[in-house]
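Hi,

Here is the structure I promised to pass on. Have a look at it first, and then read on for what turned up.

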Amino acid sequence: MAPQFDMVSSADAGAVSATCREHGLTEDEFGELRRRCVAAKATAYCPYSQFRVGASVLSSAAAAADGGPCFIDGANVENASYPVGTCAERVALGKAVTAGHRKIKAVAVATDISPPASPCGMCRQFIREFCDLKAPIIMFDKDENYTAVHLEALLPLSFGPEALPPPGPRP
(Lines give C-alpha, C1' and ligand atoms only; values in the text may rest on other atoms or scores of the structure.)
Protein backbone atom coordinates (compact mmCIF):
# COMPACT_ATOMS: atom_id res chain seq x y z
CA MET A 1 0.00 0.00 0.00
CA ALA A 2 1.29 3.47 -0.90
CA PRO A 3 2.20 5.72 2.02
CA GLN A 4 -0.32 8.39 2.92
CA PHE A 5 0.75 11.91 3.74
CA ASP A 6 -1.07 14.31 6.02
CA MET A 7 -2.67 17.38 4.48
CA VAL A 8 -2.04 20.73 6.17
CA SER A 9 -3.88 24.02 5.74
CA SER A 10 -1.63 26.76 4.41
CA ALA A 11 -3.80 29.15 6.48
CA ASP A 12 -2.57 27.46 9.69
CA ALA A 13 0.38 29.67 10.63
CA GLY A 14 1.58 27.26 13.32
CA ALA A 15 1.61 24.33 10.91
CA VAL A 16 3.38 26.34 8.23
CA SER A 17 5.99 27.43 10.78
CA ALA A 18 6.54 23.79 11.82
CA THR A 19 6.87 22.73 8.18
CA CYS A 20 9.44 25.46 7.60
CA ARG A 21 11.49 24.41 10.63
CA GLU A 22 11.39 20.75 9.58
CA HIS A 23 12.46 21.50 6.01
CA GLY A 24 14.93 24.35 6.50
CA LEU A 25 12.84 27.06 4.86
CA THR A 26 11.89 30.52 6.03
CA GLU A 27 8.20 31.34 6.15
CA ASP A 28 8.80 33.93 3.42
CA GLU A 29 10.40 31.27 1.18
CA PHE A 30 7.48 28.91 1.83
CA GLY A 31 4.94 31.63 1.08
CA GLU A 32 6.70 32.65 -2.11
CA LEU A 33 6.95 29.03 -3.28
CA ARG A 34 3.21 28.62 -2.65
CA ARG A 35 2.27 31.85 -4.38
CA ARG A 36 4.47 31.21 -7.38
CA CYS A 37 3.57 27.58 -8.05
CA VAL A 38 -0.16 28.36 -7.73
CA ALA A 39 0.23 31.32 -10.12
CA ALA A 40 2.26 29.21 -12.56
CA LYS A 41 -0.77 26.96 -13.13
CA ALA A 42 -2.31 29.81 -15.13
CA THR A 43 0.50 29.51 -17.68
CA ALA A 44 0.00 25.77 -18.30
CA TYR A 45 -0.55 24.65 -21.87
CA CYS A 46 -2.87 21.68 -21.38
CA PRO A 47 -5.52 21.67 -24.13
CA TYR A 48 -5.85 17.87 -24.09
CA SER A 49 -6.01 16.89 -20.42
CA GLN A 50 -7.12 20.25 -18.96
CA PHE A 51 -4.92 19.21 -16.00
CA ARG A 52 -3.01 22.32 -14.95
CA VAL A 53 0.19 21.98 -12.96
CA GLY A 54 2.41 24.79 -11.74
CA ALA A 55 5.83 24.45 -10.16
CA SER A 56 8.35 26.70 -8.49
CA VAL A 57 11.87 25.82 -7.43
CA LEU A 58 14.05 27.67 -4.94
CA SER A 59 17.70 27.83 -5.92
CA SER A 60 20.35 27.29 -3.27
CA ALA A 61 22.13 30.27 -4.83
CA ALA A 62 21.00 33.83 -4.24
CA ALA A 63 19.54 35.94 -7.03
CA ALA A 64 22.27 37.93 -8.74
CA ALA A 65 20.48 41.28 -8.71
CA ASP A 66 19.70 41.75 -5.03
CA GLY A 67 21.20 38.75 -3.26
CA GLY A 68 17.74 37.55 -2.18
CA PRO A 69 16.27 34.13 -2.83
CA CYS A 70 15.98 33.00 -6.45
CA PHE A 71 12.75 31.30 -7.53
CA ILE A 72 12.19 29.79 -10.97
CA ASP A 73 8.70 28.78 -12.14
CA GLY A 74 7.27 26.43 -14.73
CA ALA A 75 4.02 24.87 -15.91
CA ASN A 76 3.14 21.72 -17.78
CA VAL A 77 3.30 21.89 -21.58
CA GLU A 78 1.31 19.25 -23.45
CA ASN A 79 1.69 18.09 -27.05
CA ALA A 80 -0.68 16.38 -29.47
CA SER A 81 1.78 13.49 -29.37
CA TYR A 82 1.11 12.83 -25.67
CA PRO A 83 4.49 11.40 -24.58
CA VAL A 84 6.22 14.53 -25.87
CA GLY A 85 4.61 16.78 -23.24
CA THR A 86 6.70 18.13 -20.37
CA CYS A 87 5.73 18.27 -16.71
CA ALA A 88 5.80 21.54 -14.76
CA GLU A 89 8.59 20.34 -12.48
CA ARG A 90 10.90 19.60 -15.40
CA VAL A 91 10.05 22.91 -17.07
CA ALA A 92 10.97 24.82 -13.88
CA LEU A 93 14.12 22.79 -13.30
CA GLY A 94 15.18 23.10 -16.94
CA LYS A 95 14.80 26.88 -16.76
CA ALA A 96 16.78 26.92 -13.50
CA VAL A 97 19.61 24.79 -14.86
CA THR A 98 19.94 26.77 -18.08
CA ALA A 99 20.10 29.95 -15.97
CA GLY A 100 23.04 28.48 -14.03
CA HIS A 101 21.22 27.15 -10.96
CA ARG A 102 22.43 23.56 -10.49
CA LYS A 103 21.61 23.14 -6.79
CA ILE A 104 17.95 23.41 -5.81
CA LYS A 105 16.88 23.87 -2.20
CA ALA A 106 13.12 23.18 -2.52
CA VAL A 107 10.44 22.26 -5.06
CA ALA A 108 6.77 23.24 -4.87
CA VAL A 109 3.98 21.92 -7.11
CA ALA A 110 0.33 23.00 -7.35
CA THR A 111 -2.60 21.24 -8.99
CA ASP A 112 -6.37 21.73 -9.24
CA ILE A 113 -7.24 18.53 -7.37
CA SER A 114 -7.36 17.37 -3.77
CA PRO A 115 -5.36 15.67 -2.48
CA PRO A 116 -2.61 17.19 -4.62
CA ALA A 117 -0.75 15.22 -7.24
CA SER A 118 2.82 14.32 -6.46
CA PRO A 119 5.58 14.55 -9.06
CA CYS A 120 5.55 11.65 -11.52
CA GLY A 121 8.35 9.08 -11.50
CA MET A 122 10.27 10.78 -14.30
CA CYS A 123 10.08 14.12 -12.49
CA ARG A 124 11.19 12.54 -9.22
CA GLN A 125 14.33 11.25 -10.91
CA PHE A 126 14.87 14.60 -12.64
CA ILE A 127 14.49 16.42 -9.30
CA ARG A 128 17.03 13.99 -7.79
CA GLU A 129 19.68 15.24 -10.20
CA PHE A 130 19.59 18.74 -8.71
CA CYS A 131 18.30 18.29 -5.14
CA ASP A 132 19.65 16.72 -2.00
CA LEU A 133 17.58 13.79 -0.71
CA LYS A 134 16.55 15.97 2.25
CA ALA A 135 15.15 18.69 -0.04
CA PRO A 136 11.48 19.44 0.63
CA ILE A 137 8.92 18.67 -2.05
CA ILE A 138 5.78 20.65 -1.23
CA MET A 139 2.55 19.69 -2.97
CA PHE A 140 -0.43 22.09 -2.93
CA ASP A 141 -4.00 21.10 -3.72
CA LYS A 142 -6.82 23.14 -5.28
CA ASP A 143 -7.44 24.93 -1.97
CA GLU A 144 -3.73 25.56 -1.32
CA ASN A 145 -3.66 22.94 1.42
CA TYR A 146 -0.44 21.01 1.23
CA THR A 147 1.72 18.11 2.16
CA ALA A 148 5.49 18.36 2.39
CA VAL A 149 7.97 15.51 2.30
CA HIS A 150 11.67 15.05 1.79
CA LEU A 151 12.65 13.89 -1.70
CA GLU A 152 13.91 10.60 -0.25
CA ALA A 153 10.31 9.75 0.80
CA LEU A 154 9.19 10.11 -2.83
CA LEU A 155 12.21 8.35 -4.32
CA PRO A 156 13.55 5.74 -1.90
CA LEU A 157 16.73 3.86 -2.81
CA SER A 158 17.37 6.49 -5.46
CA PHE A 159 20.08 6.62 -8.08
CA GLY A 160 21.86 9.96 -8.24
CA PRO A 161 24.87 11.57 -9.85
CA GLU A 162 27.16 10.51 -7.01
CA ALA A 163 26.61 6.87 -8.04
CA LEU A 164 28.34 7.40 -11.36
CA PRO A 165 32.11 7.18 -11.83
CA PRO A 166 33.91 10.50 -12.19
CA PRO A 167 34.34 11.86 -15.72
CA GLY A 168 37.45 10.84 -17.55
CA PRO A 169 38.99 7.80 -19.23
CA ARG A 170 37.72 4.38 -18.18
CA PRO A 171 40.05 1.48 -17.42
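Let me start with a question: in which helix do R35 and E32 both lie, and how many residues apart are they? Both are in helix α2, three residues apart, or about one turn of the helix. One thing to keep in mind throughout is that this is a predicted model.

**Salt bridges**

The R35 and E32 side chains actually meet in a salt bridge, at 2.7 Å from N to O. The spacing fits a general rule: an α-helix has 3.6 residues a turn, so residues three or four places apart point the same way. R35 is partly exposed, with a relative accessible area of 44%, and E32 counts as partly exposed too, at 22%. The pair also belongs to a network of salt bridges that links E32, R35, R36 and D73.

Searching the whole structure gives ten salt bridges. Another one is between K105 and E29, whose side chains meet at 3.2 Å, N to O. Because K105 sits in strand β3 and E29 in helix α2, this pair ties together parts that are 76 residues apart in sequence. E29 counts as buried at 11% relative accessibility, whereas K105 counts as partly exposed at 30%.

Then there is K134 with E152, where the closest N and O atoms are 2.5 Å apart. This pair links distant parts of the chain, with K134 in the loop between α4 and β4 (136-140) and E152 in helix α5 (residues 151-154), 18 residues apart. K134 is partly exposed at 49% relative accessibility, and E152 is partly exposed at 30%.

**Helix α3 and the cores**

If you only have time to look at one helix, try α3. Eight of the eleven residues in this helix (residues 88-98) are buried, so it is largely enclosed by the rest of the structure. The buried ones are A88, E89, R90, V91, A92, L93, A96 and V97. What covers them includes β1 (53-62), β2 (69-75), β3 (104-111) and α4 (121-130). Just after α3, G100 takes a positive phi of about 95°.

The helix matters for the next item as well. The largest nonpolar core has 23 residues, and those with the most contacts inside it are V57, I104, V107, I127, C131 and I137. At least two residues of this core come from each of β1, β2, α3, β3, α4, β4 and α5. Which element gives the largest share? That is α3, with five residues.

I104 is a good place to click if you want to see the packing. Leaving aside residues up to four places away in sequence, I104 touches V57, L58, S59, S60, L93, A96, F130 and C131. There is also a second, separate core of 16 residues, which includes V16, F30, A108 and A110.

**Aromatic rings**

The whole structure has five aromatic pairs. In one of them, the rings of Y48 and Y82 have their centres 5.9 Å apart and their planes at 75°, so the pair is edge-to-face. Y48 is in the loop between α2 (27-40) and β1, and Y82 is in the loop between β2 and α3, so to speak a link between distant parts of the chain, 34 residues apart. Are these two tyrosines, Y48 and Y82, exposed or buried? Y48 counts as partly exposed at 39% relative accessibility, and Y82 counts as exposed at 61%. Elsewhere, F30, F140 and Y146 form one aromatic cluster.

**Backbone oddities**

As background, most residues other than glycine have a negative phi, and most peptide bonds are trans. A few places here go the other way. S114 and P115 are joined by a cis peptide bond, with omega at about -5°; P115 is in the loop between β3 and α4.

Q50 is not a glycine, yet has a positive phi of about 60°. Q50 lies in the loop between α2 and β1 and counts as exposed at 57% relative accessibility. L157, also not a glycine, has a positive phi of about 55°. L157 is in the segment after α5 and counts as exposed, at 88% relative accessibility.

Cheers

Conventions:
Residues numbered from 1 in each chain as written. Predicted model: local features only at pLDDT ≥ 70, side-chain atom pairs only at ≥ 80, totals over all residues. Heavy atoms only, no water. Buried < 20%, exposed > 50% of the residue type's maximum accessible area, 1.4 Å probe, protein only. Helix = DSSP H or I, 4+ residues; strand = E, 2+ residues; numbered from the N terminus. Contact = heavy atoms within 4.5 Å. Phe/Tyr/Trp six-rings, centres within 6.5 Å; stacked < 30°, edge-to-face > 60°. Salt bridge = Lys/Arg side-chain N within 4 Å of Asp/Glu carboxyl O. Core = buried A, V, L, I, M, F, W, Y, C linked by side-chain atoms within 4.5 Å.
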